[in-house]
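Biologist: Could you pick one part of this model, the pairing of its strands, and go through it with me closely? I would like the register as well as the order, and then whatever lies around it.

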Amino acid sequence: MAVIKTEGLTYVYGEGTPFRKVAVDHIDLEIEEGEFVGIIGHTGSGKSTLIQHFNGLLKPTEGSVYIDGEKLWDDKAKLRPIRFKVGLVFQYPEYQLFEETVYKDIAFGPKNMGLDDDEIDRRIKETARMVGLKPEMLEKSPFDLSGGQKRRVAIAGVMAMNPKVLILDEPASGLDPKGRERILSMLKDYHKQTGNTVLLVSHSMEDIAKNAQKILVMNKAKLFCYDETVKVFHRSEELRQMGLSVPQITRVFDRLKAMGIGLDDDVYTVKYAAELVLSMLKRREG
Amino acid sequence: MLKDITIGQFFPGTSVIHKMDARVKLLLTAAFIVMLFIADSLRALCVGIAFTLIVYPISGIPIKMMWKSVKPIIPIVIITALLNLFFIRTGNVYWKWKFIKITSEGVDTASFMAIRIICLIIGSSILTYTTSPIDLTDAIERLLSPLKKLKVPVHELAMMMTIALRFIPTLIEETDKIMSAQKARGADIETGGPVKKAKALIPILIPLFVASFRHAEELALAMECRCYHGGEGRTRMKQLHLSWRDLAGTVFVCLFFAGVIVVNHIVK
């Protein structure tokens, strides 16, 4: 069964005013459990609006959202449990930190769930380890940490609720390359270890290519496509027209093909490209 | 939800009143308020009502917008009217029941007060609806500039006001974001008693405070980078000009002002 399902999901900002804008336009979508989905789209294409429907922060103007088969907004009281099931990490999540210590801040979500202290403690230690926070950091004030550390604390705060679906909006933006790498590999490990569904919104095609099994492309408030990574990057010309791109390495291989050196049409990670080139060299030698 | 709040409530338009000089509008509004307060009878107040009824359509502000600014003070109007109605015990008695006595003077004063407050709000709303907040602070700065001689930091005060106005939408947006983020972590803002509700505000207020300080620091730095050093020798992008409209407006207000004084005397 699909963990997230939408039917004709539409959201309009400022209905009835001169500023009316359709942010999400009739989206039908089914995301299966356990998948790692990359969400891409031009700025203002409706990605952020879309993901805020998945945990009931926004109420659809039209259409419906189902989480685990349960329809949202039928009963407002049921929205809170949904937010524990679908964890959403906003862009620049470090700006939402507020507690005296890192430990307490991570505890905020689990405490709202009504878990007992032992369970909360266990979860905090586990997520702290997962996001790479040293145990002594837990007693520090979150405001004393570096940008990358703050970011990881904020992500841990959502992970500690152990949501069935984890959604992250640009979790690596504004970080240095090392910080980016760290967050992304951490997400990959998290996905592997927990088997939870992960939705990653990103502008970096490289990050998406490296991690996602499927890609959801938004264009001008509409769902352009939702398909396997290989198939989506195959449509590089259409993506380019939308103002999106394909990973750099794919572009390299596209040009090689145009020059008459066609190796493979589906190169989208550097790792695979290296293997391909090496095997070709080997064949030549042999 | 938070975005629905109108602040500064400027409603862009092209009416004569919109095009008037903000300084003149500010002074004329002050004159209008004085006019309402020197009117000492219902009849004199009618001149003020007439003024409001003439000026409001000229401004081109939709009824809905005006109602939005009048609505919040309706309770105050009602309370003032009721107090006057029941506690003024002189004049012809219209109706009596136990200790409650409604008299002609009570009714007169109650309606007088209610009309005065409503005219006051409509008049000052016309000012804020037709003048952008920036023009308004500019006008205040210009009008207060003689105080510079007394070492009052007029420019700095106006700059503070401008910055405060500029950051209201930014902070509202920020609050919205923080609220969503904390709700995503299961924060419960809507339910519970007053103590619980107050406590639930902590996760929103602290990040908001931190954000305001961050904005202040960034803005100060950006201003310094562009060599801002206070008001001395600064020229402005928008020059305020007096025109025929301002003259006409002033004459118009003076006529009504005189009208109120005349009616006051005739009634006596």
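Modeller: Happy to! Let's begin where strand 1 of chain A meets strand 4 of chain A: they run antiparallel and are joined by five bridges. Two strands are said to pair when DSSP finds at least two bridges between them. Helices (H or I, at least four residues) and strands (E, at least two) are DSSP runs, numbered from the N terminus. Please keep in mind that this is a predicted model, in which local features need pLDDT of at least 70 and side-chain atom pairs count only at pLDDT 80 or more, while totals for chains, interfaces and linings use all residues. Residues are numbered from 1 along each chain as its sequence is written, and chains are lettered from A and ligands numbered from 1 in the order in which they are written.

To fix the register of that pair, look for Thr6(A), which stands opposite Val65(A) in strand 4 of chain A. Strand 1 of chain A, residues 2–13, also pairs with strand 2 of chain A; eight bridges hold this antiparallel pair together. Here Ala2(A) has Glu32(A) of strand 2 of chain A as its bridge partner. On the other side of the sheet, strand 4 of chain A (residues 62–67) is joined to strand 5 of chain A by two bridges, again in the antiparallel sense. Tyr66(A) is bridged to Lys71(A) of strand 5 of chain A. Put together, these strands make an open, antiparallel sheet of four strands in chain A with the order 2-1-4-5. Its edges are strand 2 (21–32) and strand 5 (70–71) of chain A, each of which pairs on one side only.

Now for the other sheet. Chain A also has an open sheet of six strands, ordered 6-7-8-3-9-10, and its pairing is mixed. Strand 6 (86–89) and strand 10 (222–228) of chain A are the edge strands, each with pairing on one side only. From one strand to the next, the twist averages 15°; axes are lines fitted to C-alpha atoms, for helices over the stretch in contact, and angles run from 0 to 180 degrees between N-to-C directions.

Let's walk along this sheet from strand 6 of chain A, which runs parallel to strand 7 of chain A (residues 165–169) and is joined to that strand by four bridges. Val86(A) finds its bridge partner in Val165(A) of strand 7 of chain A. Further along, strand 3 of chain A is parallel to strand 9 of chain A, with five bridges between them. In that pair, Gly38(A) is bridged to Ile215(A) of strand 9 of chain A. The next step shows the mixed pairing: strand 9 and strand 10 of chain A are antiparallel, over six bridges. Leu216(A) is partnered there by Tyr226(A) of strand 10 of chain A. These two strands form a hairpin with two residues between the strands, and Lys220(A) takes a positive phi near 50° in this hairpin.

What lies across the six-stranded sheet? Helix 1 of chain A (residues 47–54) lies across strand 3 (36–41), strand 6, strand 7, strand 8 (197–201) and strand 9 (214–219) of chain A. Relative to strand 7 of chain A, helix 1 of chain A runs at about 155°.

Stepping back to the domains, chain A is divided into domain 1 (2–244) and domain 2 (247–286), with bounds from an automatic or database domain assignment. Taken over C-alpha atoms, their centres are 33 Å apart. Nine residues of domain 1 of chain A and eight residues of domain 2 of chain A make the contact, where contact asks that C-beta atoms, placed from the backbone, lie within 7 Å. On the domain 1 side, helix 7 (205–211) and helix 8 (229–234) of chain A are the elements that give two or more residues. That side has four nonpolar, three polar and two charged residues; Ala, Val, Leu, Ile, Met, Phe, Trp, Tyr, Cys and Pro count as nonpolar, Asp, Glu, Lys and Arg as charged, and the others, Gly among them, as polar.

Finally, the neighbouring chain: 18 residues of chain A are in contact with 16 residues of chain B. From chain A, the elements giving two or more residues are helix 2 (79–85), helix 3 (102–112) and helix 5 (147–159). By class, the chain A side is made up of eleven nonpolar, five polar and two charged residues.

Definitions and conventions. Contact = placed C-beta atoms within 7 Å.
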